[in-house]
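Here is a quick tour for anyone meeting this structure for the first time. Take a look at the sequence and the model, and then read on.

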Amino acid sequence: MAYQPSSAWEYDVPTTGSAHLPPDAGYGKALTNQGYSFEVAVADLVDNSIDAGADKVVVHFLRDAEQILSLLIIDNGRGMDDSRLDAAMTIGRRRDYGDGALGMYGTGLKAASLSHASSLTLVSRTKRSRAAGRRLTAEGIEDSFRCDTVDPRYAQDLVDRYDGIIEWHGTIVRWDQVRTFQTVARGQSDQYLSKAISRLETHLGLYLHRFLQRGLQLDIAVWDVSPGSDGRGGWEELDHISVEALDPFAYKVPGRAKYPRKFTATVEGAGDVPLIAHIWPAKSKQAGFRQIGALAERQGFYFYRNDRLVQAGGWNGLRNPESHLVLARVEVDLPVSDNSVFSLDVKKEGVTVTPAFTLGVEKAADGTGNAFHTYLDDAEATYRDGAKRSEIVRKAVTAPGKGLDPKVKRVIKEELPEKPGEEPIAFSWSPLPDNRFFDLDRETNVVLLNKSFREDFNDGRRGGSNDAPVAKTLLYLLLEDCFGLGRWEKTRQDRIEYWNTIMLASVAAQRERRERSADPSSS
């Protein structure tokens with residue numbers, strides 16, 4: 001019906017027709033400015049791997065002697081054939097997600113990747129299809145969303161290189177021309193990678209902790225691909241860590257009796273929402289409490305969507321963060337059904353709620369009728385009781401770095417405060433004289449270990465980057481106070497000398513035992 005002018009309000013805007021308006025190529029620039037941090041972007045790609053059924057995922061940094069080259073995420077999920085690769089690389093394409101999927105909007109692969117890299121390559125294979133790939137670049141988007149087809153021979157070569165992960169099916173995401181990598185000054189790659197991997201390990205360990213606790217194998221590795229003497233890639237592994245779960249509720253004993261406690265909030269538009277209220281022990285040193293960020297920012301609600309943490313702390317308008325509530329954390333699994341109360345940002349890093357949620361929380365009660373505010377009172381009382389107790393202040397240390405097993409590093413961080421602004425102490429197997437088991441590079445904070453003894457600590461094998469954890473840990477505890485000193489005293493040098501002599505004797509004993517066990521006839 002044609003519109004007839006009237007003084008009455010029109011509840012529906014009258015229209016005369018429709019036109020389909022394809023996106024302008026300039027829209028691609030918006031994808032590079034979505035506000036993804038590096039860790040959040042990588043986590044979004046790992047979500048895709050989990051949705052594809054992967055139980056092995058590796059985040060792989062590739063570098064050469066001068067610079068960091070590329071980032072790859074490799075998984076053993078179902079993989080994609082040509083048509084699915086095209087669909088995955090189509091910007092703005094709708095996708096149907098199952099009820100348990102971590103993906104939501106269908107933009108994460110492109111938005112997360114192009115926020116950091118100018119070139120995104122996707123290579124995949126399925127049980128029934130050969131390896132294939134697509135590449136999307138910033139220039140290609142400006143050229144009417146052009147997507148390049150990867151040479152199938154290269155796609156197969158790349159899949160074969162990761163045959164330890166991709167056996168019959170899987171996917172590789174490759175970032176090139178990563179903008180943050182290009183800003184790393186010459187000679188600073190090690191320092192950048194150490195900090196970047198530490199942040200990434202913490203973020204993935206926290207936001208994916210339920211999946212890691214259920215068996216997801218998630219590793220972070222660094223390889224040097226500098227050409228060898230024969231001109232071919234060396235592919236030497238420089239670092240390799242397994243990401244461990246950082247459970248924000250994994251205290252050994254609750255901070256107060258009868259916790260955790262379940263409250264139920266009746267929320268208009270979402271129904272009954274369970275709230276699992278936790279109180280941490282005061283002054284806890286556990287990683288799940290102290291190593292996931294500033295305590296003031298980690299109090300409050302922890303929202304989960306399909307077991308994936310999507311908000312780690314914050315009161316969402318219920319109240320302001322306060323120092324005496326740092327022990328209070330509330331576990332909330334978002335309703336599965338669609339509702340207008342909870343909305344999740346595209347980065348899956350925060351939840352927006354309507355006033356209906358905070359009103360429901362204020363009226364929430366547990367099974368015995370206790371109101372939610374009694375929980376907040378209990379959390380505050382636990383904090384104040386803990387503040388009255390005195391504790392021994394331990395001496396701050398320089399943090400352990402590359403080469404020490406991540407599980408050991410986590411416990412050291414739990415037990416000992418760190419000196420601010422100090423470069424972590426790393427371990428490296430290096431050529432040393434026969435009369436030295438170890439030496440110190442105090443300029444770069446590295447403990448150098450004699451590589452000729454490496455097999456003695458690895459049952460005759462070469463070992464990985466985090467090998468010999470007992471020997472390295474003991475040396476760290478012995479040598480930590482030898483770094484960061486302005487003046488090198490003779491007594492310290494004397495300690496280094498006799499420690500070397502004693503360690504050489506212990507290595508000789510270790511080697512003799514290993515040789516005897518390998519040759520039973522000698523005993």
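## Pairs of opposite charge

Let's start with one pair: the side chains of aspartate 481 and arginine 492 meet in a salt bridge, with 3.7 Å from N to O. The two partners link distant parts of the chain, eleven residues apart: aspartate 481 sits in the loop between H15 and helix H16 (490-518), while arginine 492 belongs to helix H16 itself. Aspartate 481 is partly exposed, at a relative accessible area of 23%, whereas arginine 492 counts as buried at 15%. Keep in mind throughout that this is a predicted model.

Why do such pairs turn up at all? Side chains of opposite charge can pair when their charged atoms come close. And how many salt bridges does the structure hold? The count is 34.

Another of these joins arginine 210 and aspartate 307, whose side chains meet at 2.8 Å, N to O. Arginine 210 lies in helix H9 (residues 209-213) and aspartate 307 in the loop between strand E11 (300-305) and strand E12 (308-312), so this salt bridge ties together parts that are 97 residues apart in sequence. Is arginine 210 buried or exposed? With 12% relative accessibility, arginine 210 counts as buried, because the cut-off for that word is under 20%. Aspartate 307, with a relative accessible area of 24%, is partly exposed.

A third pair is made by arginine 454 and aspartate 467, where the side chains meet in a salt bridge of 2.8 Å, N to O. Both of them are placed in the loop between E19 and H15, 13 residues apart. Arginine 454 is buried, with a relative accessible area of 12%, and aspartate 467 also counts as buried, at 6% relative accessibility.

Here are the three pairs side by side.

| Salt bridge | N to O distance |
|---|---|
| Arginine 210 and aspartate 307 | 2.8 Å |
| Arginine 454 and aspartate 467 | 2.8 Å |
| Aspartate 481 and arginine 492 | 3.7 Å |

## Around helix H15

The loop that holds arginine 454 and aspartate 467 has another feature worth a look. Alanine 468 is found there too, between strand E19 (446-450) and helix H15 (469-479). Its phi is positive, about 50°, although alanine 468 is not a glycine. That stands out because most residues other than glycine have a negative phi. Alanine 468 is buried, with a relative accessible area of 7%.

Move on into the helix and you reach a nonpolar surface patch. Which residues make it? They are Val470, Leu474 and Leu477, and the patch comes to about 310 Å². Leucine 474 has its place in helix H15.

## The loop between E8 and E9

Now for a loop with several things going on. Tyrosine 259 and proline 260 are joined by a cis peptide bond, with omega at about 5°. As a rule, most peptide bonds are trans. Proline 260 lies in the loop between strand E8 (236-242) and strand E9 (261-267).

Lysine 258 is in the loop between E8 and E9 as well. It has a positive phi of about 70° although it is not a glycine. Where alanine 468 is buried, lysine 258 is exposed, with a relative accessible area of 73%.

One more lysine from this loop is lysine 252. Lysine 252 is exposed, at a relative accessible area of 74%. The C-alpha atoms of lysine 252 and serine 284 are separated by 9.8 Å, and the two residues are 32 apart along the chain.

## Stepping back

What does the protein chain come to in secondary structure? There are 16 helices and 19 strands. Its C-alpha atoms fill a box of roughly 100 × 65 × 50 Å, taken along the principal axes.

Of the 523 residues in the protein chain, 47% are buried. Among contacts with a separation of 6 or more, 67% are between residues 24 or more positions apart. The accessible surface comes to about 27300 Å², and 49% of that belongs to carbon and sulfur atoms.

Finally, back to charges: the protein chain has 68 positive and 75 negative ones, and their mean positions are 3 Å apart.

How values were computed:
Residues numbered from 1 in each chain as written. Predicted model: local features only at pLDDT ≥ 70, side-chain atom pairs only at ≥ 80, totals over all residues. Heavy atoms only, no water. Helix = DSSP H or I, 4+ residues; strand = E, 2+ residues; numbered from the N terminus. Buried < 20%, exposed > 50% of the residue type's maximum accessible area, 1.4 Å probe, protein only. Contact = heavy atoms within 4.5 Å. Areas by Shrake-Rupley, 256 points an atom, 1.4 Å probe, with all protein chains shown as cover. Lys, Arg positive; Asp, Glu negative; His and termini not counted. Charge placed at Lys NZ, Arg CZ, Asp CG, Glu CD. Patch = residues over 30% accessible without salt bridge, like charges linked within 9 Å, V, L, I, M, F, W, Y side chains within 5 Å. Salt bridge = Lys/Arg side-chain N within 4 Å of Asp/Glu carboxyl O.
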